Amino acid sequence: MTTPKALDSFYSWKRLAITLLIAAVANVGMWVIVVVIPAVEAEFGISRAEASAAYMLTMVGFAAGSVFIGGAVDRFGVCLSMIGAAICIAVGYTLAALSTSIYLLYACQLLIGFGTAAGFGPLMADISHWFLRRRGIAVAIVASGNYLAGAIGSILLSPVLVASGWQAVYFILAAVTLTIIPLSLLLRRRVPFEATRSADNLATANARSVQLSPRVFQWLLVVAGLGCCIAMAMPQVHVVSLCVDLGYGPAAGAEMLSLMLMGGVVSRIVFGLIADRLGGVLTLLIGSTLQCIALFFYLPFDGLASLYIVSLVFGLSQGGIVPSYALIVREYLPAREAGARVGTVLMATIMGMAVGGWLSGWIYDLTGSYQMAFVNGILWNVLNILIIGAILLKSRSHTSVAA
């Protein structure tokens, strides 16, 4: 099998490095609201569910941005799309810092989430066109930018939050986000049409198939994506608030979130390598099962040291889940439909994070603790495992050798 020269080349890896840096800056918008939820809750005198709604609306904007910006990339290219997104995020941060009511902050979080989406699905889709043999690890590296943003941002911004308040954090991020503009100019080159066509032919020759119609298959992935990410949102969105409730303070919570997300970075890289060997479905099943086990560990342990350990275990368990959906679509469904179908499935995972973040806060308000919220996450995770297990049983692979 011969890989087109434009793919898996030196330029492909250089483009991957630039793309990862853009993703790490852009995706801070998804995590900063998690760090400031306790401060927002105190300032506006609102409930945990109302404060969590700010995260939910960020993810709603993220979902909408994934579809809209993904289409803009197809039409205008990744460079102009990233520049527009960077301006959108910076404006959102600035207006959020000036908000005088929770409802204004909600609107700003929608705008931030919309622009932040550029740093996830659209970049994953773009880099997938530059790799064939190492597509799994390339997509995983770009996806890890999302966790790098949260891990590094949580540590660097936590002292600013304590010393100067959440508004100062947002003003700093508005300035930092504008660095995406010069980085985007380095991505002006487009993949040659001939290489794309050859890659699609090779992908078709080595495709997997499943005993389900494309529509049913996609809807199963949508439901599975909702399930795993509702579960994933519980610790990721509420670990800082959990630490505040337990008396450990927001700084400890930010450290746990950072540790969790750094574990997620390692996990995404490792699972990317695994996916290149085992395929997306089996990789997703392994990751989802490990995530479910990790969620159980939160039920009996609430000591400071144990929470650090459990958070790291959780991060190491689940990092490969979301990138696997993009790989599954590329493996099982026609290449010409990959953009729309990847966008739809990733939108479902994002909405799962949105719903899971709010739902966990609502359960907390209802019960006075996070125990039942963790149980709720576990049940959704089990649903995901059942769906992916069924897909694995109905799937088969076939390969043909290309000269």
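**Overall architecture, burial and salt bridges of the predicted model**

L95 is partly exposed, its relative accessible area being 42%; on this scale buried stands for under 20% relative accessible area, exposed for over 50% and partly exposed for values in between, with a 1.4 Å probe and protein chains only. L95 belongs to helix α4 (residues 78–97). Helices are DSSP runs of H or I with at least four residues, strands are runs of E with at least two, and both are numbered from the N terminus. The C-alpha atoms of L95 and A107 are 9.4 Å apart in space, with the two positions 12 residues apart in sequence numbering.

The structure is a predicted model, in which local features need pLDDT of at least 70 and side-chain atom pairs count only at pLDDT 80 or more, whereas totals for chains, interfaces and linings use all residues. Residues are numbered from 1 along each chain as its sequence is written, and side-chain values use heavy atoms, with hydrogens and water left out.

The protein contains 17 helices and two strands. Its radius of gyration is 20 Å, close to the 22 Å that the globule rule gives for 403 residues, so the protein is as compact as a globular protein of that length. The radius of gyration is taken over C-alpha atoms, and the globule rule is 2.2 Å times the number of residues to the power 0.38. Along the principal axes, the C-alpha atoms fill a box of roughly 65 × 45 × 35 Å.

Of the 403 residues, 60% count as buried. The accessible surface of the protein comes to about 15,600 Å², and 70% of this surface belongs to carbon and sulfur atoms. Accessible areas come from the Shrake-Rupley method with a 1.4 Å probe; for residues, only the protein chains shown count as cover. Of the contacts between residues at least 6 apart in sequence, 84% join residues at least 24 apart, a contact being defined by heavy atoms within 4.5 Å.

The protein carries 21 positive and 15 negative side chains, and the centres of the two sets lie 17 Å apart. Lys and Arg count as positive and Asp and Glu as negative, while His and the chain ends are not counted. The place of a charge is taken as NZ of Lys, CZ of Arg, CG of Asp or CD of Glu.

Side chains of opposite charge can pair when their charged atoms come close. A salt bridge requires a side-chain nitrogen of Lys or Arg within 4 Å of a carboxyl oxygen of Asp or Glu, and by this rule the count comes to three salt bridges. One of them joins D126 to R15, with the closest N and O atoms 3.2 Å apart. This pair links distant parts of the chain, D126 lying in helix α6 (residues 121–128) and R15 in helix α1 (residues 10–26), 111 residues apart. D126 is buried, at 11% relative accessible area, and R15 is buried, at 1%.

R48 forms a salt bridge with E41, in which the closest N and O atoms are 2.8 Å apart. R48 also forms a salt bridge with D245, where the corresponding distance is 3.2 Å. The latter pair links distant parts of the chain: R48 is in helix α3 (residues 48–76) and D245 in helix α11 (residues 214–245), 197 residues apart. E41, R48 and D245 are thus linked in a network of salt bridges. Within this network, R48 is buried, with a relative accessible area of 6%, and E41 is buried, with 18%, whereas D245 counts as partly exposed at 35%.

Helix α6, in which D126 lies, is mostly covered, seven of its eight residues being buried. The buried residues of α6 are G121, P122, L123, M124, D126, I127 and S128.

L183, in helix α9 (residues 180–184), counts as buried at 18% relative accessibility. With residues up to four places away in sequence not counted, L183 touches I18, L21 and I22. L183 and A151 are 32 residues apart in sequence, and their C-alpha atoms are 21 Å apart in space.

S317 lies in helix α14 (residues 304–318) and is buried, with a relative accessible area of 8%. Leaving aside its neighbours within four places in sequence, S317 is in contact with S267, F271, G287, L290, Q291 and A294. The C-alpha atoms of S317 and M351 are separated by 21 Å, the two residues being 34 residues apart along the chain.
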